[in-house]
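Student: I have a structure open and I'm new to it. Could you walk me through what surrounds the ligand?

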Amino acid sequence: MKLCTRTILITGGSSGIGLELAGQLIAAGNTVLITGRSEQALQRAKGRFPELHIFQSDVSKAEDIRSLHEQVAAHYPKLDTLINNAGVMKIVPLQDPRTLEALTQEVDINLKGAMRMVQQFLPLLKSQSDALIVNVSSGLAFVPFAVSPVYSAAKAGMHAYTRCLRAQLLGTKIRVAELAPPLTETPLFSAEFKGKMKGEKGMPVDVLVRKALAAIEAGKCEICPGQSNILRIASRLAPGFIFRQLSKVV
Ligand SMILES: NC(=O)c1ccc[n+]([C@@H]2O[C@H](COP(=O)([O-])OP(=O)(O)OC[C@H]3O[C@@H](n4cnc5c(N)ncnc54)[C@H](OP(=O)(O)O)[C@@H]3O)[C@@H](O)[C@H]2O)c1
């Protein structure tokens, strides 16, 4: 599959991995639509890549997704690729008091957001001759990170959901891929984690995206660049050991 003349919708495309995907996919000749919550961030992204089509839309809000679908179906009926990338990651001490809503926000965005998007856009994708869904999970889908319990649970859920979606869509014209990034140099990583990671460096975001796009074009369905693959293998060979090692990082 060549990613060159497609119409591609990326959730969370105003920053980090989503923005880099958008830039590389535009450079390859695709039409790229991005979403995000912050209008300012979307405008900044458009300033960097004027060809971008931007939509303010929150994946944790069903009404936002319905309205996004209406606009996309009307103006971009050839949409053939959905990249569920929007995500947030928090350090969550489970013994601290917080509202249930705050506690489960990462599930609403990182897992239910992708489910809502697939549910809403599946009929449009089905109407194309060759469609693609890419769900962005994480290396932490394979080994949970004790300081980020809700994130880890949501990403493990994303991995399971994506496998099932792929199995159910087998034999249709929709291909399903999962991108499980390793630690990657983006604002998400810099915000809460970098200072705590004892000098640990992430993969440069342009390198990650180049590897991911090459793997999608090569037909891979589970893409685990760099340390993500080490976590995947270690989770099978020595799950207790790798969980303890990862927990020691912070
Ligand atoms: N960086 C890493 O080390 C790493 C590792 C593994 C996996 N990942 C995954 O990769 C994906 C991208 O992360 P990143 O590192 O590129 O993060 P980032 O730089 O913080 O970008 C996150 C993007 O998601 C958007 N977003 C957040 N909540 C949203 C919502 N409710 N609705 C719509 N858009 C939303 C943000 O825009 P607004 O805030 O304006 O909405 C932003 O555009 C995430 O799923 C993350 O879990 C990242």
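Student: Which of the 29 residues around the ligand come nearest?

Tutor: Happy to help, and keep in mind that this model is predicted. The shell around the ligand divides into 12 nonpolar, 14 polar and three charged residues. Of the 29 residues there, the nearest are Ser 14, Ser 15, Ile 17, Tyr 151 and Thr 186.

Student: How many Å is a polar side-chain atom of Tyr 151 from an oxygen atom of the ligand?

Tutor: Polar contacts here pair N or O atoms within 3.5 Å. The side chain of Ser 14 has an N or O atom 2.7 Å from a ligand oxygen. For the polar side-chain atom of Tyr 151, the distance to a ligand oxygen is 2.6 Å.

Student: What share of the ligand's accessible area does the protein cover?

Tutor: Val 59 also takes part, with a backbone N or O atom 3.0 Å from a ligand nitrogen. On its own, the ligand has 880 Å² of accessible area, and the protein's cover comes to 92%.

Student: Is α1 oblique or roughly parallel to α9?

Tutor: Helix α1 (16-27) is one of the elements giving two or more residues to the ligand shell. Its packing angle with α9 (residues 205-217) is about 60 degrees, and the axes are 9 Å apart. Therefore α1 counts, relative to α9, as oblique.

Note on methods:
Residues are numbered from 1 along each chain as its sequence is written. This is a predicted model: local features need pLDDT of at least 70, side-chain atom pairs count only at pLDDT 80 or more; totals for chains, interfaces and linings use all residues. Side-chain values use heavy atoms; hydrogens and water are left out. A residue is near a molecule or strand if one of its heavy atoms lies within 4 Å of it. A polar contact is a pair of N or O atoms within 3.5 Å; within protein, one must be able to donate a hydrogen and the other to accept it, and residues adjacent in sequence count only if both atoms are side-chain atoms. Accessible areas come from the Shrake-Rupley method with a 1.4 Å probe; for residues, only the protein chains shown count as cover. Helices (H or I, at least four residues) and strands (E, at least two) are DSSP runs, numbered from the N terminus. Ala, Val, Leu, Ile, Met, Phe, Trp, Tyr, Cys and Pro count as nonpolar, Asp, Glu, Lys and Arg as charged, and the others, Gly among them, as polar. Axes are lines fitted to C-alpha atoms, for helices over the stretch in contact, and angles run from 0 to 180 degrees between N-to-C directions. Angles under 35 degrees count as roughly parallel, over 145 as roughly antiparallel, 65 to 115 as roughly perpendicular and the rest as oblique.
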